[in-house]
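Please open the model in your viewer and keep the sequence panel beside it, so that you can select residues by number as we go. The tour moves from one selection to the next and says what to look for at each stop.

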Amino acid sequence: MGRRVWPFGLVAVLAGLLVGFFALRGAPPGWVGVSSHGYTAGGHARPHGLILAVLLLVIGWGLGRRRRVALAAAVILLCLLALNLHQLRYGIVCVGAAAGLALCYHGFPGIPDRTHVTRAAVVTFAAAVLCGFFAQHHRVDTGSALLLVVLVALLLLLRAGTAPDAAGDTERDRVRAMVDRPGADTLAPFALRSDKSYLFSSDGTAALGYRVLLGVAVVGGDPVGDPAAFPDVVARFHDRCRRRGWRVAVLGARGDLAALWTAHGMRAVGIGDEVVLDVPGFGLGSRRMRNVRQAVQRTRNAEIRTAVISAAELTDPQRDEMATLSRHWLDGERERGFAMILDGLVDRRHPTGLFVLAFDADERLVGFQRYLVCGTDTALSLDVMRRERGWNGLNERMIVDVVRRTRRRR
């Protein structure tokens with residue numbers, strides 16, 4: 001976790017709020033006047049103080065997010081204050097604070113992307129020219145113009161790292177081999193979503209899939225591959241996120257593996273339990289299964305029949321019917337389930353899935369489910385369920401028929 005650096009950010013934020021408060025009243029603190037050489041105490045005092053207040057708030061935020069650029073900005077600002085303050089004791093305080101920040105250098109791993117540096121250089125140059133023009137015509141004082149240019153540069157440099165592209169076929173094939181590993185978790189197949197990027201362990205025996213949205217790196221499920229390498233790949237992922245300025249979130253982590261993430265300061269929140277069916281012992285004869293038994297019987301009375309086939313056996317007309325049924329079920333909503341739904345539902349992207357199709361008496365498709373093979377063919381994980389509305393018991397019927405087929409294959 002490194003050293004706690006949030007107090008530095010808190011001090012900068014409080015200083016920014018203080019400066020902003022007095023600037024709005026037209027009387028910023030005296031040390032604001034020496035934050036840049038061009039400050040004058042006349043009509044420029046308020047805008048100068050407000051710009052400095054925003055700059056301090058931005059620096060405070062960057063320090064709290066462990067950004068190295070914010071560290072450099074804070075040290076430079078403190079050194080400038082120490083050089084311009086006329087009272088020795090205040091100068092010593094500024095130098096001490098700057099030294100304290102410098103000693104915590106390794107606690108600020110976040111660095112900007114090259115693209116952000118290039119963009120910041122171009123935009124800052126343009127802002128400097130523009131501010132220089134206005135300063136020359138006495139529309140803004142030089143000190144305020146300088147602070148404004150620095151603020152623009154900081155805002156660009158403190159942005160979170162650019163989201164990586166989705167993994168290519170080569171990386172996905174490596175992950176697929178890990179998903180097919182005997183004993184793989186029931187959520188392991190969902191690591192193969194085509195919108196995920198991957199990070200591998202140091203020895204290449206484990207990986208995790210993630211996607212970056214709005215500066216948040218969202219991991220879907222636990223790592224896959226060799227469990228002995230899970231701590232390494234999780235630690236490497238946190239290091240990458242700290243360098244790139246990403247926040248970390250995990251969806252669908254197993255409870256017994258939560259320590260992989262909580263060891264890095266994350267907090268686990270329970271969202272539900274996984275239901276596991278024991279195929280040899282499953283049946284509908286018990287009293288507590290009465291409602292399920294009746295629901296399944298209703299579909300049989302309605303002459304519903306099912307067919308269980310592999311994804312590779314699906315015909316193009318069947319895929320078209322499934323796509324139409326899926327659109328009707330979603331009713332305009334977007335597909336959701338980053339951690340527990342695989343994409344490519346009706347295309348040929350994932351050829352190893354198992355489908356159960358349900359047809360009515362007129363041989364019209366009224367429902368289907370997809371199951372994914374976990375590790376070996378001894379375990380299946382339910383992926384998606386689609387059906388026409390109004391068919392009570394149809395999902396239960398398809399699940400029961402898949403269990404019976406799996407039992408016959410054993």
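**First stop: a strand and its partner**

Select strand β1, residues 197–200, where both faces are covered: S197 and L199 on one side, and Y198 and F200 on the other, are all buried. Here buried means under 20% relative accessible area, exposed means over 50%, and partly exposed lies in between, with a 1.4 Å probe and protein chains only. Helices (H or I, at least four residues) and strands (E, at least two) are DSSP runs, numbered from the N terminus.

Before going further, please note that this is a predicted model, in which local features need pLDDT of at least 70 and side-chain atom pairs count only at pLDDT 80 or more, while totals for chains, interfaces and linings use all residues. Residues are numbered from 1 along each chain as its sequence is written, and side-chain values use heavy atoms, with hydrogens and water left out.

Now add strand β2, residues 206–213, which runs antiparallel to β1 and is joined to it by four bridges; two strands pair if DSSP finds at least two bridges between them. Within this pairing, F200 stands opposite A207 of β2. The two strands form a hairpin with five residues between them, and in the turn you can select G204, which has a positive phi of about 75 degrees.

Stay with F200 and show R174 as well, which lies over the face of F200 at 3.7 Å from the ring centre. A charge sits over a ring if NZ of Lys or CZ of Arg is within 6 Å of the ring centre and within 35 degrees of the ring normal. A further example is R389, which lies over the face of W329 at 4.5 Å from the ring centre.

**Second stop: aromatic rings**

How many aromatic pairs does a search of the whole structure find? The search finds three, where rings of Phe, Tyr and Trp (its six-membered ring) pair if their centres lie within 6.5 Å, and planes under 30 degrees apart count as stacked, over 60 as edge-to-face and the rest as tilted. Select Y210 and W246, whose ring centres are 6.2 Å apart and whose planes meet at 45 degrees, so the pair is tilted. This pair links distant parts of the chain, with Y210 in strand β2 and W246 in the loop between α8 (230–244) and β5 (247–251), 36 residues apart. Y210 counts as buried at 1% relative accessibility, and W246 is buried with a relative accessible area of 3%. Add F237 to the selection, and you have one aromatic cluster formed by Y210, F237 and W246.

**Third stop: salt bridges**

A search of the whole structure finds 15 salt bridges, each being a side-chain nitrogen of Lys or Arg within 4 Å of a carboxyl oxygen of Asp or Glu. Select D185 and R254, which form a salt bridge with their closest N and O atoms 3.0 Å apart. D185 lies in the loop between α7 (169–179) and β1, and R254 in the loop between β5 and α9 (259–262), so the pair ties together parts that are 69 residues apart in sequence. D185 is partly exposed at 21% relative accessibility, and R254 is partly exposed with a relative accessible area of 29%.

Next, show D256, which forms a salt bridge with R254, the closest N and O atoms being 2.6 Å apart. D256 counts as exposed at 55% relative accessibility, and D185, R254 and D256 are linked in a network of salt bridges.

Then move to E363 and R305, whose side chains meet in a salt bridge at 2.7 Å, N to O. This pair also links distant parts of the chain, with E363 in the loop between β7 (354–359) and β8 (365–374) and R305 in strand β6 (residues 305–310), 58 residues apart.

**Last stop: helix α1**

Finally, select W6, L10, L14, L17 and L57, which form a nonpolar patch on the surface with about 490 Å² of accessible area together. Patches are made of residues with over 30% relative accessible area and no salt bridge, with like charges joined within 9 Å and nonpolar side chains (Val, Leu, Ile, Met, Phe, Trp, Tyr) within 5 Å; accessible areas come from the Shrake-Rupley method with a 1.4 Å probe, and for residues only the protein chains shown count as cover. Helix α1, residues 6–24, gives the most to this patch, with four residues.
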